[in-house]
Amino acid sequence: MFKLVIAGPYGAGKTTFVKTLSEVVPIETDAPTVGKTTTVAFDYGKIRVNDIVVHLFGVPGQERFSFLWRIVARGMHAYIFMVDSSSLESVKAAVFMYNYFIDTFPNTPHIIAANKQDIAKVSINDIRTILGVKPEVKIAPLIAVNKKMVLETLITLLSEVHRLMYGSTLSPISKGDSGTGT
Amino acid sequence: MGINTVDPNLIVKDIAEELGISILGVLVFSNNDVVLASELPGDLKTIVTSLVVFINKINTISQVKVKSSNAYVYAIKNDELTVIFITEPHIMEGALHLLNKYVDRLIKASRELMSRARNIEPMVIVEGDEITEEDVLMLIDYFRSKLSELEVRGD
Ligand SMILES: Nc1nc2c(ncn2[C@@H]2O[C@H](COP(=O)(O)OP(=O)(O)O)[C@@H](O)[C@H]2O)c(=O)[nH]1
Ligand SMILES: [Mg+2]
């Protein structure tokens, strides 16, 4: 069982990401309920790959939910931190949540997804500076409605998990350099 | 988001109307996590976050007032909850105490929000278990194969 979290402020593109992914791979969306219905809207999807189950959780980005971030993220193996690159304000709006994740989960593998590249106003290097992303953390360019880019983002994340947990680099993905400094 | 019961922005408005005090922000923290927060200028978030971390490190503190060039921050601690009011820096210190009457309301709203969160907790508590290198490689292969399918189809 693999737990993957998609974090990022409100409007970054988390729901869109999960929706696009569901067009490429079969995703079950019944959240693991405990008999109670809830009005909390977080994105959820379950992907079965042979005998591995991947649980995908989107965490609500509003800061008044920060007490939920820890709950949703508990026990995750990795996370994608998504930012909206289409304006400086939206990138700045991600700083608080990113700091929270870095402080709270310092050892969890993650990448940054610089979303909305189709209408990007802030460069990947500037995102790195504004969020204070360490040089070894990858920033992947993303358009969340683009199926290939969504898959590439997941592959980049999983390669990071592999590199950090088992210490080897895999051959790069076929298209698009999602490494640092692009 | 149905979980939100109290709009902290509304409390800011109430304070302005009832007390004539101009509030830059209201927040409630549970330990170091935000439970309720009104809209807040970005540079104030950093001050507030460090202040809360500080307050939580020192058990004996129940109230703190901190003045900076652009804000007066008033923090009231109630068990693990900390209520924070941020006002203009030139407000009279005595006027800050008028804000105490809003503390109960904020605490109550926060407790309710947190108990609702506890109800959903079992839903998301799925914790990842041990994964092996083979698992990770298999997942990578799987998504790569989906990617090649798209490329073959020319999507
Ligand atoms: N142009 C553009 N818009 C996007 C992209 N990804 C998401 N959006 C739009 O941004 C808005 C917020 O996306 P959403 O997925 O709801 O964000 P969430 O709050 O993180 O779940 C929606 O209107 C999406 O259609 C993208 O890559 N490019
Ligand atoms: Mg969403």
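## Reading strands, cavities and pockets in a two-chain model

Tutor: Let's start in chain B of this predicted model: strand 1 and strand 5 (residues 81–87) run antiparallel to each other, joined by seven bridges.

Student: Which residue in strand 5 of chain B partners B:Gly25?

Tutor: Look across to B:Ile86, the bridge partner of B:Gly25.

Student: And which other strand does strand 1 of chain B pair with over four bridges?

Tutor: Strand 2 of chain B, residues 33–37, again in the antiparallel sense. One bridge there links B:Ser30 with B:Asp33. Strands 1 and 2 of chain B make a hairpin, with two residues between them. Check the backbone at B:Asn31 in that turn: phi is positive, about 50°.

Student: How much of strand 1 in chain B is buried or exposed?

Tutor: Here "buried" means under 20% relative accessible area. Strand 1 covers residues 23–30, and seven of its eight residues are buried, so by that cut-off the strand is mostly covered.

Student: How many residues lie between strand 3 and strand 4 in the other hairpin of chain B?

Tutor: Four residues lie between them. Strand 3 (residues 63–67) and strand 4 (residues 72–78) of chain B pair antiparallel over five bridges. You'll find B:Lys67 opposite B:Tyr72 of strand 4.

Student: Now to the whole chains. What order do the elements of chain B come in?

Tutor: Chain B has five helices and five strands, and from the N terminus they go α-β-β-α-β-β-β-α-α-α. Chain A has six of each, helices and strands, in the order β-α-β-β-α-β-α-α-β-α-β-α.

Student: What share of each chain is buried?

Tutor: For chain A, 57% of the 182 residues count as buried. In chain B, the figure is 46% of 155 residues.

Student: And what do the contacts say about sequence separation?

Tutor: Take the contacts with a separation of 6 or more, then ask what share joins residues 24 or more positions apart. That share is 71% in chain A and 55% in chain B.

Student: What does the exposed surface look like in area and atom type?

Tutor: Chain A exposes about 7500 Å², with 52% of that from carbon and sulfur atoms. Chain B exposes about 7600 Å², and carbon and sulfur again supply 52%.

Student: How do I go about finding empty space?

Tutor: The general idea is to roll a probe the size of a water molecule over the atoms, which shows where empty space is left. In this structure there are two cavities of 30 Å³ or more. The second largest of them holds about 30 Å³.

Student: Which residues line that second largest cavity?

Tutor: From chain A come A:Phe2, A:Leu4, A:Ile47, A:Val54, A:Leu56, A:Leu154 and A:Leu158, while chain B adds B:Leu139 and B:Phe143. Elements giving two or more residues are strand 1 (2–7), strand 3 (52–58) and helix 6 (147–166) of chain A, plus helix 5 (133–153) of chain B. By class, the lining has nine nonpolar residues, with no polar and no charged ones.

Student: What about the second largest pocket: how many residues line it?

Tutor: There are 17, and those nearest its centre are A:Pro106, A:His110, A:Lys134, A:Glu136 and A:Val137. Helix 4 (95–104) and helix 6 of chain A each give two or more residues to that lining. The pocket holds about 270 Å³ of space. Its lining is mixed by class: eight nonpolar, five polar and four charged residues.

Conventions. Residues numbered from 1 in each chain as written. Chains lettered and ligands numbered in written order. Predicted model: local features only at pLDDT ≥ 70, side-chain atom pairs only at ≥ 80, totals over all residues. Heavy atoms only, no water. 1 Å grid on protein atoms, 1.4 Å probe; cavity = no way out; pocket = protein on both sides within 12 Å on 5 of 7 lines; lining within 4 Å. Points joined across faces, edges and corners; volume = space filled by probe spheres on them. Nonpolar A, V, L, I, M, F, W, Y, C, P; charged D, E, K, R; others polar. Buried < 20%, exposed > 50% of the residue type's maximum accessible area, 1.4 Å probe, protein only. Contact = heavy atoms within 4.5 Å. Areas by Shrake-Rupley, 256 points an atom, 1.4 Å probe, with all protein chains shown as cover. Pairing = 2+ DSSP bridges.
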